[in-house]
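Reader: Before we discuss the assignments, may I see the structure to which they refer?
Author: Certainly; it is shown here.

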Amino acid sequence: MLKVFNQKLNAKMIPLTFTLLVYGGWLLSQGPSAAFANFLAQISVALTMLVGSFVAGGTALGGGAVAFPVMTKLLAIEPATAKVFSLAIQSFGMTAAALTIIFCSIRYYSDVVWRALLGAVPGVLIGLMFIAEHLPRLTTKTVFSLFLLLFALTLLRLHFTHKGYKESSQLVKPYLITVVGFFGGIASGLVGSGADIMVFALMVLFYKKELKAATATSVLIMAVTSIIGSVCNAFYLDSITPEVTAYLLAAIPVVVVGAPLGAYVCARVKSGTLLSFLLLLIVLEVGFTALEWIK
């Protein structure tokens, strides 16, 4: 009994170890004075990701669901920069959340994760390398808003059809997960999010998977997708600019705490509270995009 307890305790220390290592690297790479000076200079981005990382860790919306609209609409940052930042910061925050999910025994669907990644990994690379540069600025924002609208409709349908809801244990037509993951990966390359939202919608609407386990699954999918996309941005596309780096260095110490906290809290919060919060974010984002089209 004691041995099992110690094993569980050691497993739960892994997310904490990751966070401490990130903080150590954050301080050593800049020096304490420069690190805190940059944090204060980019405090608006850091505060944005305080909310964004919580949402990323605890819902099927990546941190980009908060970062992208706030950065492009309120902070007047170019969509291309916001997209690169969103993918990169999710590499830290959603990895921290993913470690929390795996080692704190939060339920997820491992078979869905690897099937989705078979499509999402090539999808995000195609989106980044061959499609993103050809999309106009407003089109990029609109694609993102449409994905959020899809997510909102998914949540509303679940909310009003929850009675009699039974989870399916079968993966009928499992190739659909890879196909949807592929198109979600392309979307992630365009706007910094998408694989998580699309696979989540497929899981809960088509496969009738349990809501919270599907959410945790989507976090793992987006964590890996974000890492692959960020590696491509850094070493192939050379799009991690000094501006993006400054934003990242300000947000990293926030997201490695906020995302695991989101994963832990949202696994236990009432579904109605979570639904209201997410719908408010989505309505605001879609509304701002609609105003831009009107102008």
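**The second largest pocket and a helix pair**

Author: In this predicted model, 20 residues line the second largest pocket, and A80, K83, V84, A132 and E133 are those nearest its centre. The volume of the second largest pocket is about 340 Å³.

Reader: What makes a residue count as part of the lining of the second largest pocket?
Author: A lining residue has an atom within 4 Å of a point of the pocket. For the second largest pocket, 20 residues line it. By class, the lining comprises 11 nonpolar, 5 polar and 4 charged residues.

Reader: Which helices supply at least two residues each to that lining?
Author: They are α5, α6 (110–131) and α7 (137–160). The most comes from α5, with 5 residues.

Reader: Why is α5 called roughly parallel to α11?
Author: Helix α5 (residues 79–103) packs against helix α11 (residues 242–266) at an angle of about 30°, their axes being 8 Å apart. Angles under 35 degrees count as roughly parallel, and α5 is therefore roughly parallel to α11. The crossing of the two helices is right-handed.

Reader: How do you know that α5 and α11 are in contact, and which residues meet?
Author: Contact means heavy atoms within 4.5 Å. Residues of α5 including V84, F85, I89 and F92 meet residues of α11, among them Y247, L248, I252 and V255. The contact of α5 with α11 has 19 nonpolar, 3 polar and 1 charged residues.

How values were computed. Residues are numbered from 1 along each chain as its sequence is written. This is a predicted model: local features need pLDDT of at least 70, side-chain atom pairs count only at pLDDT 80 or more; totals for chains, interfaces and linings use all residues. Side-chain values use heavy atoms; hydrogens and water are left out. Axes are lines fitted to C-alpha atoms, for helices over the stretch in contact, and angles run from 0 to 180 degrees between N-to-C directions. Helices (H or I, at least four residues) and strands (E, at least two) are DSSP runs, numbered from the N terminus. Angles under 35 degrees count as roughly parallel, over 145 as roughly antiparallel, 65 to 115 as roughly perpendicular and the rest as oblique. A crossing is left-handed if the near helix is turned anticlockwise from the far one by less than a right angle, and right-handed if clockwise. Ala, Val, Leu, Ile, Met, Phe, Trp, Tyr, Cys and Pro count as nonpolar, Asp, Glu, Lys and Arg as charged, and the others, Gly among them, as polar. On a 1 Å grid over the protein atoms alone, a cavity is a set of points where a 1.4 Å probe fits but cannot get out, and a pocket is an open set with protein on both sides within 12 Å along at least five of seven lines; lining residues have an atom within 4 Å of a point. Grid points are joined across faces, edges and corners, and a volume is the space filled by probe spheres set on the points.
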